[in-house]
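Okay, thanks everyone, I'll keep this short. Let me put the sequence and the structure up, and then we'll walk through a few spots together.

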Amino acid sequence: MPNRNRAILTVAALIIVVLFGISIFSAWSGKREAIAQSADKITGLLRLVAVNQKQLVDQTQDLLKQLANDPAITALQPSACSKRMAGLRSERPEYANLRVVAPNGDVVCSAVSFTGPLNVVNNADFQKVLATKNFVVGEYQFGPIAKEAVIPFGYPVVSAAGRVS
C-alpha cells in the first residue's frame, strides 16, 4: 500500500508540474501575442504619422511656392506683407508663424508681431535656402518670434537672373 500511495503522489506531483508548465507557457505565449499586436498597432500609427507629416510638408512647399510669386510678399513692404501673413496664418493654424526674410537675413514681416529688428542670417535653415535656392525643411528649434518649438520651412524668391531676392 505505501508504494501505491507513493505512486499516486508521484503521479499527482507530475500532473501538477505539467499543469503549472502549461500555465506558464500559456501566459508567456499570451504576452508574446499581446506584444506582437501592440507592435503592429504602433507600426500602423507611425505610418499614419509619417503620411500626415509628408502631406504637411508637401502642402507647405506648395504654399511657399505660391507666396514666392505673391506681390504682397515680393515687394517686401512690411505692413502689406505682415497683413497677408497674418491672414494666411488665421486660415492655417497648423503654422506657428509665417514670415518673410530678406536676402541679408532681416525679417521683413511676420504673421506674429514682434518688436525690434530680427536677423536670421546665421540660421542653418536660412543659409541652406540661400545655398540651394530651393525648398528647405529645417531642424527642430525654438522659434524666436512664435516663442514655441517649430520645424522651420523655407523657400526662396528667385529673380529671373537666378538671384535670391
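Let's start with Met85, which you'll find in helix H3. Keep in mind as we go that this is a predicted model. So, is Met85 buried or exposed? Buried: its relative accessibility is 2%, and the cut-off for buried is under 20%. If you want a sense of where Met85 sits relative to something further along the chain, take Tyr140: the two are 55 residues apart in sequence, and their C-alpha atoms are 22 Å apart.

Now the helix itself. H3 runs over residues 78–91, so that's 14 residues, and at 1.5 Å a residue we'd expect a span of 20 Å. The C-alpha atoms at its ends are 20 Å apart, so expectation and model agree.

Which residues of H3 are buried? Met85 has company here: the buried set is Cys81, Met85 and Leu88. These residues cover an arc of only 65 degrees around the axis, so they sit on the same side of H3. That fits the textbook picture: an α-helix has 3.6 residues a turn, so residues three or four places apart point the same way. Flip to the face turned away from the buried side, and you get the exposed residues Ser79, Lys83 and Ser90.

Back to Cys81 for a moment, since it has a partner. There's a disulfide from Cys81 to Cys109, with the sulfurs 1.8 Å apart. Cys81 is in helix H3 and Cys109 is in strand E2, residues 107–110, so the pair ties together parts that are 28 residues apart in sequence. Both ends are buried, Cys81 and Cys109 alike. And how many disulfides does the count come to? Just 1.

Last stop, the largest pocket. The volume is about 990 Å³. It's lined by 43 residues, and those closest to the centre are Leu64, Arg99, Pro152, Phe153 and Gly154. Where does the lining come from? Helices H1 (2–67), H2 (71–74) and H4 (124–132) each give at least two residues, and so do strands E1 (99–101), E5 (149–150) and E6 (153–154). H1 has the largest share, with 5 residues. By class, we're looking at 31 nonpolar, 8 polar and 4 charged residues in that lining.

That's my tour, from the helix to the disulfide to the pocket. Happy to rotate the model to any of these if you'd like another look.

Conventions:
Residues are numbered from 1 along each chain as its sequence is written. This is a predicted model: local features need pLDDT of at least 70, side-chain atom pairs count only at pLDDT 80 or more; totals for chains, interfaces and linings use all residues. Side-chain values use heavy atoms; hydrogens and water are left out. Helices (H or I, at least four residues) and strands (E, at least two) are DSSP runs, numbered from the N terminus. The expected span of a helix is 1.5 Å times one less than its number of residues. Buried means under 20% relative accessible area, exposed over 50%, partly exposed in between (1.4 Å probe, protein chains only). The arc is that of the directions from the helix axis to the C-beta atoms. On a 1 Å grid over the protein atoms alone, a cavity is a set of points where a 1.4 Å probe fits but cannot get out, and a pocket is an open set with protein on both sides within 12 Å along at least five of seven lines; lining residues have an atom within 4 Å of a point. Grid points are joined across faces, edges and corners, and a volume is the space filled by probe spheres set on the points. Ala, Val, Leu, Ile, Met, Phe, Trp, Tyr, Cys and Pro count as nonpolar, Asp, Glu, Lys and Arg as charged, and the others, Gly among them, as polar. A disulfide is a pair of cysteine sulfur atoms within 2.5 Å.
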